[in-house]
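Open the model in your viewer and keep the selection tool at hand. The tour goes stop by stop.

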Amino acid sequence: MGSFSNSDSRNSSEIGNSDIRGASELLRRMYGPIEAPMAEIEKRIAAELQSPYEAIGHLLRHGTQLGGKRMRPALILLSGQCIGETNEQHTILGTIIEMVHTATLIHDDVLDEAETRRHVPTVNAKWSNHTSILLGDYLFAQSFRLAASMASNEACQWIGEAARLVCEGEMRQVLQRDTLDIDEATYFDILRGKTAELCRVSCELGALHSGGTESQVDALGRFGNAIGIAFQIADDYLDLWGDDDTVGKTLGTDIEQGKMTLPLIRLLETSSLRNRERIVAILRGPSEERLPAIRPLLEASDAKDYTESMAQQFRREAISALDELEPTQAKESLLTLADFAVDRRF
């Protein structure tokens, strides 16, 4: 994550590699224990997103490129393997979760007016906002159709509730744009729904469908919640201090859209009255002028270091949640994934 210091990280020399190819190789190593079922999930996603109409088929194929790292399906599979064997149910769950996640990304890009994601044009940039909204709705509908086909309705209920909380978190954030008095507690509460919830439910479903005990399911759920929050803090950081070319998506949109992210909250909370008035004036000024005007004030504060430290705190929380689980290759992959969540380049 930019200049994130990861001195207490387990694999700082690997995770800190700024080369995109190196990061991709790291992901392949992390996903090593689940290579075969991940390939099956890719096949299922492709099978689910078919249309007899070529124009729609082209749109669906483009949409599948936007999910990127497939982290949530990986969390399902790795959590399952931490407990025991994975099976077809895990593959179906991974397909469902990825479609839900991709739907939220496509809708996010409309809200943020983003032009690129994963180094490719967003749906709204390539087609239109109307097309993006309909594609996101299509993915939601297809995911719940597939969930309803499972033998138990428990997964459908859990995923449905998680999707509701994601949408609720997004709505809260949209409704609070340009609201400058948001505190950390509110920020983290929004994050738990907006970003962490799908990670949490992925881990819990993976463990549950491998026969995990209540304690094991809870532990992996806590891991998913913490890694989801850490991942979003990393996004907050990258949006201000990242690089568009290496991160692979439009940056600087948070401050332009009036989102109060952790660095800005920290800056306001620790500024003198005189500086606070200046910061408020900048954040209420023309959107395109906000980032260059606020950057010197951010650099003069501890906001950058504080954001790093909070991401590392949630990384440690994620790692400690797995203490009660037996050592396995899958557990090692989850621990490495926790490192990657807070120190990544794409």
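Before the first stop, one definition: Ala, Val, Leu, Ile, Met, Phe, Trp, Tyr, Cys and Pro count as nonpolar, Asp, Glu, Lys and Arg as charged, and the others, Gly among them, as polar. Note too that this is a predicted model.

**Stop 1: an enclosed space**

Select Gln173, Gln176, Arg177, Ile182, Tyr187, Ile190, Leu191, Gly258, Lys259 and Met260. These residues line the second largest cavity. Its lining divides into five nonpolar, three polar and two charged residues. The volume of this second largest cavity is about 80 Å³. Which helix gives the most to the lining of the second largest cavity? Helix α10, residues 184–208, does so with three residues. The chain has four cavities of 30 Å³ or more.

**Stop 2: the loop beside it in sequence**

Now pick Asp178. Asp178 sits in the loop between α9 and α10. Check its backbone: phi is near 65°, a positive value in a residue other than glycine. Most residues other than glycine have a negative phi. Is Asp178 buried, exposed or partly exposed? Asp178 counts as partly exposed because its relative accessibility is 39%, and the partly exposed class runs between 20% and 50%.

**Stop 3: another positive phi**

Go to Arg70. Arg70 lies in the loop between α4 (54–64) and α5. Arg70 is not a glycine, yet its phi is positive, about 55°. Its relative accessible area is 9%, so Arg70 is buried; the cut-off for buried is under 20%.

**Stop 4: a helix pair**

Two packed helices are described by the angle between their axes and the distance between the axes. Show helix α5 (residues 71–83) together with helix α18 (residues 329–342). Their axes come within 8 Å. They cross at roughly 145°. The crossing of α5 past α18 is left-handed. Turn on side chains at the contact:

- From α5, select Met71, Leu75, Leu78, Ser79, Gln81 and Cys82.
- From α18, select Ala330, Lys331, Ser333, Leu334 and Leu337.

Colour the contact of α5 with α18 by residue class, and its residues divide into seven nonpolar, three polar and one charged.

**Stop 5: an open space**

Rolling a probe the size of a water molecule over the atoms shows where empty space is left. Move to the second largest pocket, which holds about 190 Å³ of space. Select its lining: Thr104, His107, Asp108, Leu111, Phe140, Val166, Cys167, Glu170, Met171 and Val174. Which helices each supply at least two residues of this lining? They are α6 (88–112) and α9 (154–175). The largest share, five residues, comes from α9. By class, the lining of the second largest pocket has six nonpolar, two polar and two charged residues.

**Stop 6: Asn129**

Select Asn129, in helix α8 (residues 129–148). Asn129 has a relative accessible area of 38% and is therefore partly exposed. What does Asn129 touch, not counting residues up to four places away in sequence? Its partners are Val110 and Asn124. Next, draw a C-alpha to C-alpha distance from Asn129 to Glu113: the two are 8.8 Å apart in space and 16 residues apart in sequence.

**Stop 7: Glu204**

Return to helix α10 and pick Glu204, which lies in that helix. Is Glu204 buried or exposed? Glu204 is buried because its relative accessible area is 13%, and buried means under 20%. Show its surroundings. Leaving out residues up to four places away in sequence, Glu204 touches Trp158, Val217 and Gly221.

**Stop 8: Asp218**

Move on to helix α11 (residues 214–241), where Asp218 lies. Asp218 has 40% relative accessibility, so Asp218 counts as partly exposed. Draw a line from its C-alpha atom to that of Ala207. The two atoms are separated by 9.1 Å, with the residues 11 apart along the chain.

**Last stop: the whole chain**

Zoom out and colour by secondary structure. How many helices and strands are in the chain? There are 18 helices and two strands. Switch to colouring by accessibility: buried residues make up 56% of the 346 residues. Finally, draw the contacts with a separation of 6 or more. Residues 24 or more positions apart account for 78% of these.

Technical notes:
Residues are numbered from 1 along each chain as its sequence is written. This is a predicted model: local features need pLDDT of at least 70, side-chain atom pairs count only at pLDDT 80 or more; totals for chains, interfaces and linings use all residues. Side-chain values use heavy atoms; hydrogens and water are left out. Axes are lines fitted to C-alpha atoms, for helices over the stretch in contact, and angles run from 0 to 180 degrees between N-to-C directions. Helices (H or I, at least four residues) and strands (E, at least two) are DSSP runs, numbered from the N terminus. A crossing is left-handed if the near helix is turned anticlockwise from the far one by less than a right angle, and right-handed if clockwise. Contact means heavy atoms within 4.5 Å. On a 1 Å grid over the protein atoms alone, a cavity is a set of points where a 1.4 Å probe fits but cannot get out, and a pocket is an open set with protein on both sides within 12 Å along at least five of seven lines; lining residues have an atom within 4 Å of a point. Grid points are joined across faces, edges and corners, and a volume is the space filled by probe spheres set on the points. Buried means under 20% relative accessible area, exposed over 50%, partly exposed in between (1.4 Å probe, protein chains only).
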